[in-house]
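Reader: I'm new to reading protein models. Could you walk me through this one?

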Amino acid sequence: MKGSSPPLDCRLRSNYALWKSKNATAIEKILLKNILKASEKMTLYFHFTGGIDDMSILKVKQLKKYYGSEENLTKALDGLDLSIEKGEFVAIVGASGSGKSTMGRVLCGLLKPDSGEAILDGVSVYASRAGRRNLQNKLSVVFQDYTTSANPRFRVKDIIGEGLTVRERREGGRLERKKEMAALLELVGLPADFAGRFPHELSGGQLQRVCIARAVACKPEVILFDEAISSLDAHTQVQVMDLLRDLKEKLGLTYVFITHDLTSITYLCDDVLFLYQGRVTEYLPVSRISETKDEYARRLLESIVVFDTETSEVD
């Protein structure tokens, strides 16, 4: 019966208590999560008590967003379901028109869905003002076009300061901005004296690092990257991807990575979700990406990878 917890052994209880505590590091939480998920008893516990919701930082339920008239209807999102757990790095992949950008705008609060629900850390995003405030406090976004997402009249300290303002409002106090600014610039691999520069005085990679620092400044739990590295050159892309992995480990973040670049997801992500015509066609670990049986996913993969499907002859 829902609400009644089946008995759990002491070790399992201990692991679950440590996972829920604030004392466990990000790495410990990930390891404990895998232990708990592997346990048949804990799976039953989640099933009967709804405890699995505690492990999901971001969920969408039957999300729908349509454009156009009844005669010419475009189903950008058509009953989308998704659950992302704390500490995961999930890629959302699809061709142009698959619905991935619409999904990104819905998740970050820029576009209200026609129906369905987006839930961040247990709070519905669009159901109330509290949901929007929760979104502002816990989710940050890094966009593809760093030149338009940073005010050209702002200095770097003002751009990053936008994130610090969100944090000050949430915590109800003033921060030591100069100290925080220097720490954030160091965190993204930039010198402290960059704080006084304007966007046009930075390279593309440097400006995107500033945008990442702004996203991290408010201490979010989730960062959504909307094609965030696709406009950078190949060498800079690798540098920024290394930075993202480093930040995720240091800060215990959850990443949602919207992209059309399949090469980058194999370098970065834990899991990959394929979108086609507003629906999820495949969702699997990146380590098993070559095992997909989904026709659409294989077509995308085969555009960059040739699978060896023939059995080698033995001499």
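Author: Sure! Keep in mind that this is a predicted model. Let's start with strand E1, residues 56-67, which runs antiparallel to E2.

Reader: How many bridges join strand E1 to E2?

Author: Strands of a sheet pair through backbone hydrogen bonds, either parallel or antiparallel. Here the pairing is antiparallel, and Tyr-67 sits opposite Thr-74 in E2. The number of bridges joining E1 to E2 is nine.

Reader: Which strands stand at the edges of the open sheet?

Author: This sheet has four strands in the order E2-E1-E4-E5, with antiparallel pairing. A strand with a single partner has one side left without a neighbour in the sheet, so look for those at the edges: E2 (74-85) and E5 (123-124).

Reader: Okay, now the pockets. What is the volume of the second largest pocket?

Author: Rolling a probe the size of a water molecule over the atoms shows where empty space is left. For the second largest pocket, the volume comes to about 460 Å³.

Reader: Which residues lining that pocket are closest to its centre?

Author: The lining has 19 residues, and by class 10 are nonpolar, five polar and four charged. Helices H6, H8 and H10 and strand E6 each supply at least two of the lining residues. Closest to the centre are Gln-136, Leu-139, Ser-140, Val-141 and Val-166.

Reader: And Arg-214 in helix H10: is it buried or exposed?

Author: The side chain of Arg-214 makes a polar contact with the side chain of Glu-162, at 2.9 Å. Arg-214 also touches other residues, including Ser-149, Ile-159 and Gly-163. Its relative accessible area is 15%, and the cut-off is under 20%, so Arg-214 is buried.

Conventions
Residues are numbered from 1 along each chain as its sequence is written. This is a predicted model: local features need pLDDT of at least 70, side-chain atom pairs count only at pLDDT 80 or more; totals for chains, interfaces and linings use all residues. Side-chain values use heavy atoms; hydrogens and water are left out. On a 1 Å grid over the protein atoms alone, a cavity is a set of points where a 1.4 Å probe fits but cannot get out, and a pocket is an open set with protein on both sides within 12 Å along at least five of seven lines; lining residues have an atom within 4 Å of a point. Grid points are joined across faces, edges and corners, and a volume is the space filled by probe spheres set on the points. Ala, Val, Leu, Ile, Met, Phe, Trp, Tyr, Cys and Pro count as nonpolar, Asp, Glu, Lys and Arg as charged, and the others, Gly among them, as polar. Buried means under 20% relative accessible area, exposed over 50%, partly exposed in between (1.4 Å probe, protein chains only). A polar contact is a pair of N or O atoms within 3.5 Å; within protein, one must be able to donate a hydrogen and the other to accept it, and residues adjacent in sequence count only if both atoms are side-chain atoms. Contact means heavy atoms within 4.5 Å. Two strands pair if DSSP finds at least two bridges between them. Lists of a residue's contacts leave out its neighbours within four places in sequence.
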